[in-house]
Amino acid sequence: MKKLLILTALLLCMTLVGCGPNGEQSNSAESNTGNDNTVNSTYSFKTIEEMRSFVPSGEDDIFNLLGYYNAGDIAIGQFYWDADCEDADNGGTVIKATDSEKGRYIRLRVSNVSNPAWFGAIADDKNDDSDAIQKALAELQNGGTLAIEPGNYL
């Protein structure tokens, strides 16, 4: 039920700002910062692999991830593109586009929280989630909160 509420809220938000499916550009929204007339675009991706296959052309755009493996799983989040970033792709908070050597998607976070689902963990008692949990913990080197969804992890 919680996942359905989160997905519903995200889809409502995307509808209000005009997000398009499958990484397609949708309606643009103007920035309201002073006299800045910059036009920002919003893109949505059903999976992390779909996002990796898209190389952005601008830095002021917003990228919505609707799921890690499938739209609606708990790995949803928003990203921005840092065209100068060359950090290693960690599979959750820093994502490299497949066809771009330079530039990375960076997950927007409001606090020092990390979630193994962002790195591909699935609480299904079937898949080895060790790597995803370790990556989530590594994001919290200076403390913070590890948010783990209920379920059975291997």
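Tutor: Contact here means heavy atoms within 4.5 Å. Keep in mind that this is a predicted model.

Student: Okay, so among contacts between residues at least 6 apart in sequence, what share joins residues at least 24 apart?

Tutor: Start with the layout: the chain has 3 helices and 9 strands, in the order α-β-β-β-α-β-β-β-β-β-α-β. Now take the contacts between residues at least 6 apart in sequence and keep those that join residues at least 24 apart. That share is 45%.

Student: How much of the chain is buried?

Tutor: The chain has 154 residues, and its accessible surface comes to about 8,700 Å², with 50% of that belonging to carbon and sulfur atoms. As for the buried residues, their share of the chain is 38%.

Student: Which elements give two or more residues to the largest nonpolar core?

Tutor: As a rule, nonpolar side chains in soluble globular proteins tend to be buried together. Here the largest core has 13 residues, and those touching the most other members are Phe45, Ile48, Met51, Phe63, Phe79, Ile95 and Tyr105. The elements giving two or more residues to this core are strand E3 (42-45), helix H2 (48-52), strand E4 (62-65) and E5.

Student: And what about a second core, which residues does that include?

Tutor: That one is separate and has 5 residues. Among them are Trp118, Ala121, Ala132 and Ala136.

Student: Back to E5. Which of its side chains point to the buried face?

Tutor: Side chains alternate along E5. Gln78, Tyr80 and Asp82 point to one face and are not buried. The buried ones, pointing to the other face, are Gly77, Phe79 and Trp81.

Student: Which residue in E7 stands opposite aspartate 82?

Tutor: E5 pairs with E4 in the antiparallel sense over 3 bridges, and asparagine 64 stands opposite glutamine 78 there. E5 is also joined to strand E7 (residues 104-107) by 4 bridges, again antiparallel. In that second pairing, the residue opposite aspartate 82 is arginine 104.

Student: Now the rings. Is the pair of phenylalanine 45 and phenylalanine 63 stacked or tilted?

Tutor: Phenylalanine 45 also pairs with phenylalanine 54, with planes at 50° and centres 5.6 Å apart, so that pair is tilted. For phenylalanine 45 and phenylalanine 63, the centres are 6.3 Å apart and the planes sit at 20°. Planes under 30 degrees apart count as stacked, so this pair is stacked.

Student: How many residues apart in sequence are the parts that this pair ties together?

Tutor: Both phenylalanine 45 and phenylalanine 63 are buried. Phenylalanine 45 lies in strand E3 and phenylalanine 63 in strand E4, so the parts they tie together are apart in sequence by 18 residues.

Student: Is phenylalanine 54 buried or partly exposed?

Tutor: Phenylalanine 45 is buried, with a relative accessible area of 1%. Buried means under 20%, and phenylalanine 54 has 23%, so phenylalanine 54 is partly exposed.

Student: Last one: which side chain makes a polar contact with the side chain of threonine 93?

Tutor: Threonine 93 sits in the loop between strand E5 (77-82) and strand E6 (94-96), yet threonine 93 is buried, with a relative accessible area of 4%. Leaving aside neighbours within four places in sequence, its contacts include Phe79, Tyr105, Trp118 and Glu139. The polar contact, at 3.1 Å, is with the side chain of glutamate 139.

Note on methods: Residues are numbered from 1 along each chain as its sequence is written. This is a predicted model: local features need pLDDT of at least 70, side-chain atom pairs count only at pLDDT 80 or more; totals for chains, interfaces and linings use all residues. Side-chain values use heavy atoms; hydrogens and water are left out. Buried means under 20% relative accessible area, exposed over 50%, partly exposed in between (1.4 Å probe, protein chains only). A polar contact is a pair of N or O atoms within 3.5 Å; within protein, one must be able to donate a hydrogen and the other to accept it, and residues adjacent in sequence count only if both atoms are side-chain atoms. Accessible areas come from the Shrake-Rupley method with a 1.4 Å probe; for residues, only the protein chains shown count as cover. A nonpolar core is a set of buried Ala, Val, Leu, Ile, Met, Phe, Trp, Tyr and Cys residues joined through side-chain atoms within 4.5 Å. Two strands pair if DSSP finds at least two bridges between them. Rings of Phe, Tyr and Trp (its six-membered ring) pair if their centres lie within 6.5 Å; planes under 30 degrees apart count as stacked, over 60 as edge-to-face and the rest as tilted.
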